[in-house]
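Please work through the exercises below with the model open beside you. Each one sets a task and then solves it step by step.

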Amino acid sequence: MAIKDKYDLEELRNETEEFVFQELEKQLDGISDDDICKCQDCVLDMICLSLNQLDPRYRVSLMGTLYAKVESKELEDKITRTVTDVLMKVSQNPGH
Ligand SMILES: [Zn+2]
């Protein structure tokens with residue numbers, strides 16, 4: 001039995017992903033395109049590196065995409081710091 005064939009895994013969501021997307025969007029919007037590469041490769045690198053440093057937060061989304069909220073100031077700061085570090089790292093050393 002293939003789990004993927006039998007169940008709808010689309011409802012599985014990692015909230016950390018949503019938080020990283022929101023934070024990355026905010027930070028990238030604040031930087032001019034001339035100062036940082038925002039190509040597909042670089043942005044996906046930024047997302048992977050950020051997510052690998054943060055704990056996943058899986059939940060089942062029965063009502064589609066609810067806007068996820070960060071549950072603590074501590075977590076919010078950690079996500080902000082991680083994304084800031086990763087942005088710096090990737091922009092100084094792009095994979096291309
Ligand atoms: Zn790039």
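**Exercise 1.** In which helix is the place of Glu17? Describe its surroundings as well.

*Solution.* The model used throughout is a predicted one. Begin with the position along the chain, where Glu17 belongs to helix H2. Next, consider its accessibility: the relative value for Glu17 is 32%, and because partly exposed residues lie between the limits of 20% and 50%, Glu17 counts as partly exposed. Finally, look across to Arg57, which is 40 residues away from Glu17 in sequence, while their C-alpha atoms are 8.4 Å apart in space.

**Exercise 2.** Determine which protein atoms are the donors of the zinc ion, and what geometry the site has.

*Solution.* First list the donors, which are the SG atoms of Cys37, Cys39 and Cys42 together with NE2 of His96, at 2.1 to 2.3 Å from the zinc ion. Then examine the angles among these four donor atoms, which run from 95 to 115 degrees. Because four donors count as tetrahedral if all angles lie between 85 and 135 degrees, the site of the zinc ion is tetrahedral. For reference, the ideal angle for four tetrahedral donors is 109.5 degrees.

**Exercise 3.** Work out how the donors of the zinc ion are spaced along the chain, and which parts Cys37 and His96 link.

*Solution.* Written as a pattern, the spacing of the donors is C-x1-C-x2-C-x53-H. The pair Cys37 and His96 joins distant parts of the chain, 59 residues apart: Cys37 sits in the loop between helix H2 (15-29) and helix H3 (40-53), whereas His96 sits in the segment that follows helix H4 (73-92). As for accessibility, Cys37 is partly exposed, with a relative accessible area of 31%, while His96, at 56%, counts as exposed because that class begins over 50%.

**Exercise 4.** Describe the protein chain as a whole, from its elements to its charges.

*Solution.* Start with the elements: the chain has four helices and two strands, arranged from the N terminus in the order α-β-α-α-β-α. Along the principal axes, its C-alpha atoms fill a box of roughly 45 × 35 × 20 Å. Turning to contacts between residues at least 6 apart in sequence, 81% of them join residues at least 24 apart. Of the 96 residues, 27% count as buried, and the chain exposes about 7000 Å², of which carbon and sulfur atoms supply 51%. Lastly, there are 12 positive and 21 negative side chains, and the centres of these two sets are 5 Å apart.

How values were computed: Residues are numbered from 1 along each chain as its sequence is written. This is a predicted model: local features need pLDDT of at least 70, side-chain atom pairs count only at pLDDT 80 or more; totals for chains, interfaces and linings use all residues. Side-chain values use heavy atoms; hydrogens and water are left out. Donors are N, O and S atoms within 2.8 Å of the metal (3.2 Å for Na, K and Ca); water is not among the atoms, so sites may look incomplete. Four donors count as tetrahedral if all angles lie between 85 and 135 degrees; four count as square planar and six as octahedral if opposite donors are over 155 degrees apart and all others between 65 and 115; anything else is irregular. Buried means under 20% relative accessible area, exposed over 50%, partly exposed in between (1.4 Å probe, protein chains only). Contact means heavy atoms within 4.5 Å. Accessible areas come from the Shrake-Rupley method with a 1.4 Å probe; for residues, only the protein chains shown count as cover. Lys and Arg count as positive and Asp and Glu as negative; His and the chain ends are not counted. The place of a charge is taken as NZ of Lys, CZ of Arg, CG of Asp or CD of Glu.
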